[in-house]
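Got your viewer open? Here's a short walk through a handful of spots, one selection at a time.

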Amino acid sequence: MNATRFLTWRRTMNALPRAAAVAAMLSVSLQAPAAGQGGRQPGGSNNDKKPLPLQSARKASFTATKGTWMSLDVSPDGRTIVFDLLGDLYTLPITGGTATRITEGMAFDAQPRFSPDGESIAFISDRSGGDNLWTMRLDFTDTTQVTRGNSSLYLSPEWLPDGEHIVVSRARGLGGAAKLQIYNVRRGTPMPVIRTPASFKTVGAAVTPDGRYIWYAGRSGDWQYNALFPQ
């Protein structure tokens, strides 16, 4: 219990069935958007200036039936899976079938999460030139950049039940200790969730359905691939 703390504020037990579900559902062809749709890249004024400096020189098409190292979420009505694959986001009927790509391009989009009403997703993208937290309506009428600046790293976003706030882990640069913060999706002003020592990392927030508690994983010390226990 020393490395894990709990904070007063759904995805603990639900994570196992959701992860198992995607293994059965991903045996599909990933369908690219039709020509002329702009790749169904999320619209909105935030994307008009194309801030990402990289320009693609060519494109590659592929058909995939499996994916690994992916993030996924299930819609509140239980009908749709949203997942990331190679920097693009896709939706897929939970019963299986053909996945539909909802973002494309040079930006790396990842870690999508459905909003409580199922009409939007939160995700992490570097389309601004660096990692930031974004939201996107699934009818493609609006895409909003929630956080600003390109010097921080963000991971594991999760909506609060009110649909107006998102808790996400933010690290100030590569190697920094990620800290839980809550953002209002309209104002983008961060609110620290918990005060911890500078080296203590807090990630993987999961909010209870009543919004009273946030569960998260925490650890101290330098992160490494081949970590040795105990830590």
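Start by selecting R127 and W134: the charged end of R127 sits over the ring of W134, 5.3 Å from the ring centre. Keep in mind as you click around that this is a predicted model.

**Aromatic pairs**

Next, the rings. How many aromatic pairs does a search of the whole structure find? It turns up 2 aromatic pairs.

For one of them, select F83 and Y90. Their ring centres are 5.4 Å apart and the planes make an angle of 15°, so this pair is stacked, the cut-off being under 30 degrees. Switch on a surface and check the burial: F83 has 0% relative accessibility and counts as buried, and Y90, at 2%, counts as buried too.

Now jump to Y154 and Y183. Here the centres lie 6.4 Å apart and the planes meet at 65°, so the pair is edge-to-face; the angle has to be over 60 degrees for that label. Colour by strand and you'll find Y154 in β11 and Y183 in β13 (residues 179-184), so the pair ties together parts that are 29 residues apart in sequence. Are these two buried or exposed? Y154 is buried, and so is Y183.

**Positive phi**

Stay on strand β11, which covers residues 153-159, and select S156. Which sign does phi of S156 have? It's positive, near 50°, in a residue other than glycine. That's worth a click because most residues other than glycine have a negative phi. S156 has a relative accessible area of 15%, so it counts as buried, given that the cut-off is under 20%.

For another case, go to strand β7 (residues 109-114) and pick Q111. Q111 isn't a glycine either, yet its phi is positive, at about 55°. If you have a Ramachandran plot handy, put Q111 and S156 on it: both have positive phi.

**A loop to finish**

Last stop: where is P197? Look in the loop between β14 (190-192) and β15 (201-207). P197 has 46% relative accessibility, so it counts as partly exposed, a class that runs from 20% to 50%. Now add S220 to the selection and draw a distance between the C-alpha atoms of P197 and S220: you should get 8.5 Å, for residues 23 apart along the chain.

Definitions and conventions:
Residues are numbered from 1 along each chain as its sequence is written. This is a predicted model: local features need pLDDT of at least 70, side-chain atom pairs count only at pLDDT 80 or more; totals for chains, interfaces and linings use all residues. Side-chain values use heavy atoms; hydrogens and water are left out. Helices (H or I, at least four residues) and strands (E, at least two) are DSSP runs, numbered from the N terminus. Buried means under 20% relative accessible area, exposed over 50%, partly exposed in between (1.4 Å probe, protein chains only). Rings of Phe, Tyr and Trp (its six-membered ring) pair if their centres lie within 6.5 Å; planes under 30 degrees apart count as stacked, over 60 as edge-to-face and the rest as tilted. A charge sits over a ring if NZ of Lys or CZ of Arg is within 6 Å of the ring centre and within 35 degrees of the ring normal.
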